[in-house]
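Opening the notebook on a new model today. I want to look up a few residues first, then work outwards to the helices and the packing.

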Amino acid sequence: MPQQSSMPADQRVAAVDLFEEGFGHKSVSARLGVGAHAVRGLERRYRIWGMEALIDKTTKKRYSFEFKLAIVHQFLEGEGTLTELAQMHQLSATTLLRRLGKTYREEGAEGLGPKPMGRPASHIPITRHQLRETRRKSCVVRFSDFRQRTLT
């Protein structure tokens, strides 16, 4: 599901026009009456992508473990600013680099690997014997309930 912008398309175009005139995100947000956080994010994407920042992307890109690790090493070794690295590798935003760097610092290289898909299992696997015993006890309880109802 694509992420929805908090700014309508016409406001994004107006904001980009103001960026091109030299206004910063604070003055643009004040002029348009839009939240500064949303305008700041648009400004960052605009600095990386130019006018393509206005286009909604329909799919989420996935990156390989090796690609993520290489980018993080470049980032940590200071081979460029966040914006330069995002432009160089055609990333959608600088926040991806920040998140990857934080994950690498907290979890190491393993944190950049693929994550398990789907919802985690909510039960502990049981043996056949345990399953049979549980079913037997369930049947005994149901039979005793049935017997009590028919006798009364």
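**Entry 1: Lys-68**

I started with Lys-68, which is found in helix H4. A reminder to myself that this is a predicted model.

Is Lys-68 buried or exposed? I got a relative accessible area of 19% for Lys-68, so it counts as buried, the cut-off being under 20%.

Next I asked what Lys-68 touches, not counting residues up to four places away in sequence. The list is Tyr-63, Leu-100, Leu-112 and Gly-113. I also checked Lys-68 against Leu-96, 28 residues apart along the chain, and their C-alpha atoms are separated by 9.9 Å.

**Entry 2: the aromatic pair**

Tyr-63 came up as a neighbour of Lys-68, and I wanted to see what its ring does. A pair of aromatic rings is described by the distance of the centres and the angle of the planes. My count of aromatic pairs comes to 1. The pair is Tyr-63 with Phe-67: ring centres 5.2 Å apart, planes at 20°, so I wrote it down as stacked, since planes under 30 degrees apart earn that word.

I looked up the accessibility of both partners. Tyr-63 is partly exposed, at 21% relative accessible area. Phe-67 is partly exposed too, with 26% relative accessibility.

**Entry 3: overall layout**

I stepped back for the whole chain. The protein has 7 helices and 0 strands, and from the N terminus on the elements read α-α-α-α-α-α-α. Of its 152 residues, 24% count as buried. I also looked at contacts between residues at least 6 apart in sequence, and 52% of these join residues at least 24 apart.

**Entry 4: the cores**

In soluble globular proteins, nonpolar side chains tend to be buried together. I went looking for such groups here.

Which residues make up the largest nonpolar core? I listed 11: Ile-48, Ile-71, Val-72, Leu-82, Leu-85, Ala-86, Leu-91, Leu-96, Leu-97, Leu-100 and Leu-112. Helix H4 (65-76), helix H5 (82-89) and helix H6 (94-107) each supply at least two residues of this core. There is also a second, separate core of 10 residues, including Ala-15, Val-16, Phe-19 and Val-39.

From the largest core I picked Leu-85 for a closer look. Leaving aside neighbours within four places in sequence, I found Leu-85 in contact with Gln-74, Phe-75, Gly-80 and Leu-97. Leu-97 is itself a member of that core.

**Entry 5: helix H6**

I checked the length of H6. Its 14 residues should span 20 Å at 1.5 Å a residue, and its end C-alpha atoms are 20 Å apart, which agrees.

The buried residues of H6 are Thr-94, Leu-96, Leu-97, Leu-100, Gly-101 and Thr-103. Among what covers them I noted H3, H4 and H5. After H6 comes Gly-108, with a positive phi near 80°.

Then I turned to Arg-105, also in helix H6. Arg-105 is exposed, with 57% relative accessible area. A polar atom of the Arg-105 side chain lies 2.6 Å from the backbone oxygen of Gly-101. I also took the C-alpha separation of Arg-105 and Val-72, which are 33 residues apart along the chain: 9.8 Å.

**Entry 6: helix H1**

I ran the length check on H1 (residues 9-20) as well. The 12 residues should span 16 Å at 1.5 Å a residue; the end C-alpha atoms are 17 Å apart, which agrees.

Which residues of H1 are buried? I have Arg-12, Ala-15, Val-16, Leu-18 and Phe-19. They cover an arc of only 160° around the axis, so they sit on the same side of H1. Helix H2 (25-32) and helix H3 (36-49) are among what covers them. Just after H1, Gly-22 takes a positive phi of about 105°.

**Entry 7: Ser-29**

The last stop was Ser-29, which lies in helix H2. With 8% relative accessibility, Ser-29 counts as buried. Setting aside neighbours within four places in sequence, I found Ser-29 in contact with Val-34, Gly-35, Ala-36 and Val-39. Val-39 I had already noted in the second core.

Notes
Residues numbered from 1 in each chain as written. Predicted model: local features only at pLDDT ≥ 70, side-chain atom pairs only at ≥ 80, totals over all residues. Heavy atoms only, no water. Phe/Tyr/Trp six-rings, centres within 6.5 Å; stacked < 30°, edge-to-face > 60°. Buried < 20%, exposed > 50% of the residue type's maximum accessible area, 1.4 Å probe, protein only. Core = buried A, V, L, I, M, F, W, Y, C linked by side-chain atoms within 4.5 Å. Helix = DSSP H or I, 4+ residues; strand = E, 2+ residues; numbered from the N terminus. Contact = heavy atoms within 4.5 Å. Expected span 1.5 Å × (residues − 1). Arc of directions from axis to C-beta. Polar contact = N/O pair within 3.5 Å; in protein donor to acceptor, adjacent residues only side chain to side chain.
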